Structures are given as structure tokens and as C-alpha cells.
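Me: I've got a structure open and I'd like to learn how to read it. Can you walk me through a few features?

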Amino acid sequence: MKQLALDIGLASGPTLAGFFAGPNEPALRHLTLWVGDGRAPTVHSPVPTYLWGEGGSGKTHLLEGVRAALKDQGASAGWLHPGIADPPEFDERWGAILLDDVHLYTAVQQHAAFNWFVNAQSLQRGVVAAGAMPPADLPLREDLRTRLGWGHVFHLQVLSEAERRAVLRQAADSRGVMLSDEVLDYMLHRFSRDLASLMELLTQLDGYALQTQRAITIPLIRSMLENE
């Protein structure tokens with residue numbers, strides 16, 4: 001059987017509305033107010049926002065949710081993460097810049113992030129960034145590190161097992177899917193702690209169960225993984 005340490009991407013893409021906040025409600029409320037409801041022209045505050053917390057706390061989900069909300073409003077956003085080895089130049093058409101996993105940036109990426117930040121601020125554009133540690137502890141060049149920390153800073157917490165269990169149970173019930181305690185235990189202990197990954201796993205299991213006309217059980221999960 002395959003090793004069950006998966007981070008399965010969302011097929012429909014993360015949104016702010018789809019983020020189960022739990023203890024992270026202040027950060028979600030702040031970002032929701034920041035992007036606006038899209039029913040009228042929205043002026044996004046140029047004061048930067050920085051999110052920090054351990055893996056699985058929802059940082060990337062929130063950044064991608066912001067990007068999706070901006071896109072719905074007809075605005076584009078610059079996106080930088082450690083996988084982009086050669087970052088593009090700042091684009092004045094961007095409505096905001098989004099900087100993910102800043103603690104992993106190379107010297108080249110730090111240079112680009114600083115340039116993006118300065119340009120965004122001069123044009124009164126928004127900045128939302130995320131990293132694994134508070135701004136003061138980031139292993140970054142001083143001018144970038146201090147800029148990331150001067151605005152709104154939120155410490156995100158990983159949802160407890162009980163909270164993740166409750167969300168999965170509610171999502172399954174809304175689909176008319178029966179998840180036994182045994183299956184929930186298996187999902188929570190064998191897969192990523194990231195709620196978005198667990199929700200996508202539920203979506204895949206529901207589809208596979210319908211395709212095979214079987215109930216969702218541990219053998220069904222194993223069968224689905226073996227047939228991927």
C-alpha cells in the first residue's frame with residue numbers, strides 16, 4: 001500500500017468562504033474585509049498583512065483565497081513562492097502582491113520580494129505575505145523583514161483533531177455520505193493535517209464510492225490509492 005502522507009490539491013481552488021477558521025477567525029475576518037464583497041469598487045488598504053504559523057495552519061489557503069477573491073473582482077495579483085526561481089518584474093497592473101513561504105526565499109527571491117513590496121507601496125497596492133515564523137525571526141534581509149512586520153500580523157493555529165473531525169463530519173453529512181468513526185480516525189491519522197487536503201480527500205472518496213458503488217470504508221480508501 002502507498003504511504004499515506006498526502007497533500008492533495010483542491011480541484012476547485014481554495015476560497016476565503018471555504019476556509020474553516022476555528023481559532024483563526026480574526027485573520028479570516030480581516031482578509032474578508034480587506035478584499036471586500038465585490039459589489040462595489042473596492043479600495044484595498046496598502047497596509048501589509050503577514051500570516052505566520054506551522055504547516056497545515058492554512059496560510060497558503062488564505063493567500064490563494066485572497067487571489068481568488070481579487071480575480072472575481074477583475075483584479076490580478078503578483079504571486080511569489082520558493083518554487084519560482086526567476087521571479088518576474090513588478091507589474092503595475094497588479095492589484096496586490098502575495099508572498100508565500102517567505103522564510104524559504106533565496107537571495108534572488110528576497111531581492112524580487114523587496115522590489116515588489118516597494119513598488120506596491122508606492123502605488124498604494126496591497127501586500128499579503130506568509131511564513132513559518134514571526135517577522136522578527138525571519139532569516140531574511142533586514143529591509144524586507146522589517147517591512148513584512150510593520151502592518152497587520154496574525155499567528156495562525158493548526159485546527160485541533162476534534163475541530164477537523166467536526167468539519168469532515170459536517171461536510172460528509174451535507175453530501176449524504178456516511179463516515180464511520182473508524183474511517184475518520186484513519187483519515188485524520190494517516191493523511192495530511194491540512195484541512196483543505198482532507199476535504200479534497202473526502203471529495204475524491206465520495207466520487208470513487210459512487211463509481212464503485214461501495215460504502216466509504218478503510219478498504220475503499222486503500223483501493224482508491226492503489227488505483228491512482
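Me: Let's start with one residue. Does Asn24 count as buried or exposed?

Reply: Keep in mind that this is a predicted model. The cut-off for buried is under 20% relative accessible area. Asn24 comes in at 3% relative accessibility, so it counts as buried. You'll find Asn24 in the segment before helix H1 (25-35).

Me: Which residues is Asn24 in contact with, leaving aside its neighbours within four places in sequence?

Reply: Those are Phe19, Ser57, His155, Leu156 and Gln157.

Me: Now a helix. What length should H5 span, going by its 15 residues?

Reply: You work from 1.5 Å a residue, which gives 21 Å for H5, and the C-alpha atoms at its ends are indeed 21 Å apart, so the two agree.

Me: Which residues of H5 are buried, and where do they sit around the axis?

Reply: The buried ones are Arg164, Val167, Leu168, Ala171 and Ala172. They take up an arc of only 130° around the axis, so they are on the same side of H5. Turn to the other side of H5 and you meet Ala162, Gln170, Asp173 and Ser174, which are exposed. H6 and H7 are among what covers the buried residues of H5. After H5 comes Gly176, with a positive phi near 75°.

Me: How many residues does the largest nonpolar core have, and which helices supply it?

Reply: That core has 23 residues, and Leu179, Val183, Met187, Phe191, Leu205, Ile216 and Ile221 have the most contacts inside it. Helices H5 (161-175), H6 (181-190), H7 (195-212) and H8 (218-226) each supply at least two of its residues. H7 gives the most, with 6 residues. Take Val183 as a case: not counting residues up to four places away in sequence, it touches Ile216, Thr217, Ile218 and Ile221. There's also a second, separate core of 22 residues, which includes Leu16, Leu51, Ala130 and Phe154.

Me: Last one, the strands. Why is S3 described as largely enclosed?

Reply: First the general idea: side chains in a regular strand alternate between the two faces of the sheet. In strand S3 (residues 94-99), 5 of the 6 residues are buried, so the rest of the structure largely encloses it.

Me: Which strands pair with S3?

Reply: Strand S2 (residues 76-80) pairs with S3 in the parallel sense over 5 bridges, and Trp79 stands opposite Leu98 in S3. Strand S4 (residues 126-131) runs parallel to S3, joined by 4 bridges, with Ile97 opposite Val127 in S4. Together, S3, helix H3 (residues 107-122) and S4 form a right-handed β-α-β unit.

Note on methods: Residues numbered from 1 in each chain as written. Predicted model: local features only at pLDDT ≥ 70, side-chain atom pairs only at ≥ 80, totals over all residues. Heavy atoms only, no water. Buried < 20%, exposed > 50% of the residue type's maximum accessible area, 1.4 Å probe, protein only. Contact = heavy atoms within 4.5 Å. Core = buried A, V, L, I, M, F, W, Y, C linked by side-chain atoms within 4.5 Å. Expected span 1.5 Å × (residues − 1). Arc of directions from axis to C-beta. Pairing = 2+ DSSP bridges. Right-handed = clockwise from strand over helix to strand, strands pointing away.
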